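Open your viewer, switch on the cartoon view and keep the selection box handy. We will walk from one stop to the next.

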Amino acid sequence: MRGWIVLMVLAMCILAGSEALAGKADGFSGTAFGTPLTSLPAFMILKSDGDATYAVNLQEGYRIGGKSPVVVYGFAGGRLFAAYVRLDGLTSRDAMAKELSARHGKPSVSTEGGVETLRWRAGKTKIKLKSNPAAGSLKLGYYSTEQAGPAARLLEADSLDIDALARLYDKDKMTKAVSVPGRPAPKGYSPYDDGVSQSPGRAPGQ
């Protein structure tokens, strides 16, 4: 009898854990998609283009290989829609593709103008890894699938110039004397987002 009780308790714990996991919101580095920009006091606006807004988190915790890449967040209608990461020089295309494939399966691949784009789907999130070997450029993008409209289409456009936004970020840090404190981000939103990532070849894990 006692054995059956133990088994029932274990089954209930597993079920509760599965339900909690299924209910976790999609997002990036601890911030869920759909979160209002007005509720994120640590975010600084870089640029607005109609109903689309680009911002950075002054307490960004995303790390890769122990380094802090530039992360830009895109808001559609004032709510988080996308996150863009400039990975140039921080990891290789192959290492990042391997990590993402281990988590999300085989990607679709397309090439245009010498730029390769790998695409994955993870729950209600679309993921893009763009590699331009000639320019030495590697960009990672996370996008919500639950928001639509002109601002969302603009934020997902492949023409987004994250380098220009990064320059705006650097300029703002100088002219506004912005300090950027680092803090580890919660796990579970993207590869290497545990704040103290190991080498790009580490085994995938939440």
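Two strands count as paired if DSSP finds at least two bridges between them. The strands themselves are DSSP runs (E, at least two residues), numbered from the N terminus. This is a predicted model, where local features need pLDDT of at least 70, side-chain atom pairs count only at pLDDT 80 or more, and totals for chains, interfaces and linings use all residues. Residues are numbered from 1 along each chain as its sequence is written, and side-chain values use heavy atoms, with hydrogens and water left out.

**First stop: β6.** Select residues 79-86, which form strand β6. Six of its eight residues are buried (under 20% relative accessible area, 1.4 Å probe, protein chains only).

**Next, the neighbours.** Add β5 (70-76): β5 and β6 run antiparallel, joined by seven bridges. Now add residues 137-144, strand β10, which pairs with β6 in the antiparallel sense over five bridges. Click on Ala82 in β6, and you will find Gly74 opposite; Tyr143 in β10 also stands opposite Ala82.

**Then the turn.** Two residues lie between the strands in the hairpin of β5 and β6, and Gly77 there has a positive phi near 60°.

**Last stop: Arg63.** Select Arg63, in the loop between β4 (52-57) and β5. What is the nearest side chain of opposite charge? That is Glu60, 5.8 Å away. Arg63 is buried but has no salt bridge (a Lys or Arg side-chain nitrogen within 4 Å of an Asp or Glu carboxyl oxygen). Show the side chains: a polar atom of Arg63 lies 3.2 Å from the backbone oxygen of Glu60.

Key:
Helices (H or I, at least four residues) and strands (E, at least two) are DSSP runs, numbered from the N terminus. Buried means under 20% relative accessible area, exposed over 50%, partly exposed in between (1.4 Å probe, protein chains only). Lys and Arg count as positive and Asp and Glu as negative; His and the chain ends are not counted. A polar contact is a pair of N or O atoms within 3.5 Å; within protein, one must be able to donate a hydrogen and the other to accept it, and residues adjacent in sequence count only if both atoms are side-chain atoms.
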